[in-house]
Amino acid sequence: MPKGNHAQQHNQSTDVLNATTELSLEDVKQELYNRHHPSLTFLDIEAHAKTIWKIRTLKQKHNVVMLGHNYMEPLVFGLSERDEQGDSLGLSMYAAKAEAPYLIFNGVPFMAETAKILSPDKTVLVADKTAGCSLADNFGAEDVKELKALYPGAPVMIYVNSYADAKAESDICCTSANAAHIAKSMPGDTLIFVPDIFFAQNLEEELKGEKTVVYPGKNNTARGAVCEVHERFTLADLLAVRESFEIPKGHPHRQLYAHWECRPNVLQEADFYGSTSQIMKDIAERVADNGLERAFVASECELTSNLAQEFPNVQFWTACSVRCSHMAKVSLSKIANILEAIDRNEELGEYEVTLPAEVIDKARSPIERMLEASV
Ligand code: SF4
């Protein structure tokens, strides 16, 4: 294993090492080699080990909870402990229970908002407050009000991939893991689902005969949105993957997975569709039964990088041009900047996610209703 040149380490890094003696740069490198092989080369590890060591050391020193979304690149994802990793809602629920003064949410700001709503007394920080989301950015509170006026009396179910102001105008939240279950639990024959148009169309198909799903653009001119990452996959892409990667439909040990946010014809082509957590669960169960040799996941490419690390005996194919540009704004150097600011006791406004108290109050109800309905 290549070794770092300790003589060239910056003085500040030495100070950090002295602050807590448990973690050395070599320990961190060794852990990275053990953890990330074979998905990262030694070039990646040698280039970033010092920053990771600094982050890990300051995280420990200041008792910071570091939440890592599944779509983070492996080196960022690996900064979080196993129980600090997951999807946006799972992480926010974890954050609510965590006993720590600072939460760094390695994801985009709408995710951190949910953590803030569930933990209003904690300091919630993100690496880049300008990171957006094509779903959340293109749908707001006024759009919810417009749909409510068009379909009076119909409850509004909003996907968690939205900002707090839109949640505050909605009746209940959902995730991709619980949307169908929660939709069925809602009163009445008609449900408004926002803001994801493809997800709504997929849900409409799932609930056919049980409930009428109304969404932006369906017999109305209301504004909706799609995930710019999952939108990229077409039916032709999936058919090409099947052929070139030899994953024939219905093969017992080769699976093509798609996320709920994909186009309806992509979802129908997949061998299995679901939320990120449902896809991961299916993979884990198949691996436990020695039943998965090859897989393609139509989702953000770093999810596959993290899956390849977790399930090294499965051959994963990925489309690494399908990367969320917003999530990719979260980098090791920006995370290190937050921790250095904490260490120097500096103003954290550049990183802190804040919300008006009335928005927190109003947005908490639909989230709590979802949590009650999910049990
Ligand atoms: S992958 Fe990116 S664009 Fe798509 S929902 Fe997540 S944050 Fe938004």
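Hi everyone, let me start at a domain boundary: seven residues of domain 1 are in contact with nine residues of domain 2. Keep in mind that this is a predicted model.

How much area do domain 1 and domain 2 bury between them? About 660 Å², with 65% of it on carbon and sulfur atoms. On the domain 1 side, L89, F110 and E113 lose the most area to domain 2, and together these three make up 61% of what that side buries. As for salt bridges between domain 1 and domain 2, the count is zero. The C-alpha centres of the two domains, 1 and 2, are 34 Å apart.

To place that in the chain, the domain assignment has domain 1 in two stretches, 6–129 and 326–343. Domain 2 then covers 134–226, and domain 3 runs over 230–317.

Now, on to the ligand. Where does the ligand sit? The space it takes is the largest cavity. Around the ligand you'll find Y71, C133, S134, L135 and N161, and the list goes on with C227, V229, E261, C324 and H326. If you have the structure open, those are good residues to click through. Which kinds of residue make up this shell? Six are nonpolar, three are polar and one is charged.

So that's my tour: a contact between domain 1 and domain 2 with zero salt bridges, and a ligand in the largest cavity. Thanks for listening!

Conventions: Residues numbered from 1 in each chain as written. Predicted model: local features only at pLDDT ≥ 70, side-chain atom pairs only at ≥ 80, totals over all residues. Heavy atoms only, no water. Near = heavy atom within 4 Å. 1 Å grid on protein atoms, 1.4 Å probe; cavity = no way out; pocket = protein on both sides within 12 Å on 5 of 7 lines; lining within 4 Å. Sits in = over half its atoms within 2 Å of the grid points. Nonpolar A, V, L, I, M, F, W, Y, C, P; charged D, E, K, R; others polar. Domains from an automatic or database assignment. Contact = heavy atoms within 4.5 Å. Buried area = accessible area lost by both parts, 1.4 Å probe. Salt bridge = Lys/Arg side-chain N within 4 Å of Asp/Glu carboxyl O.
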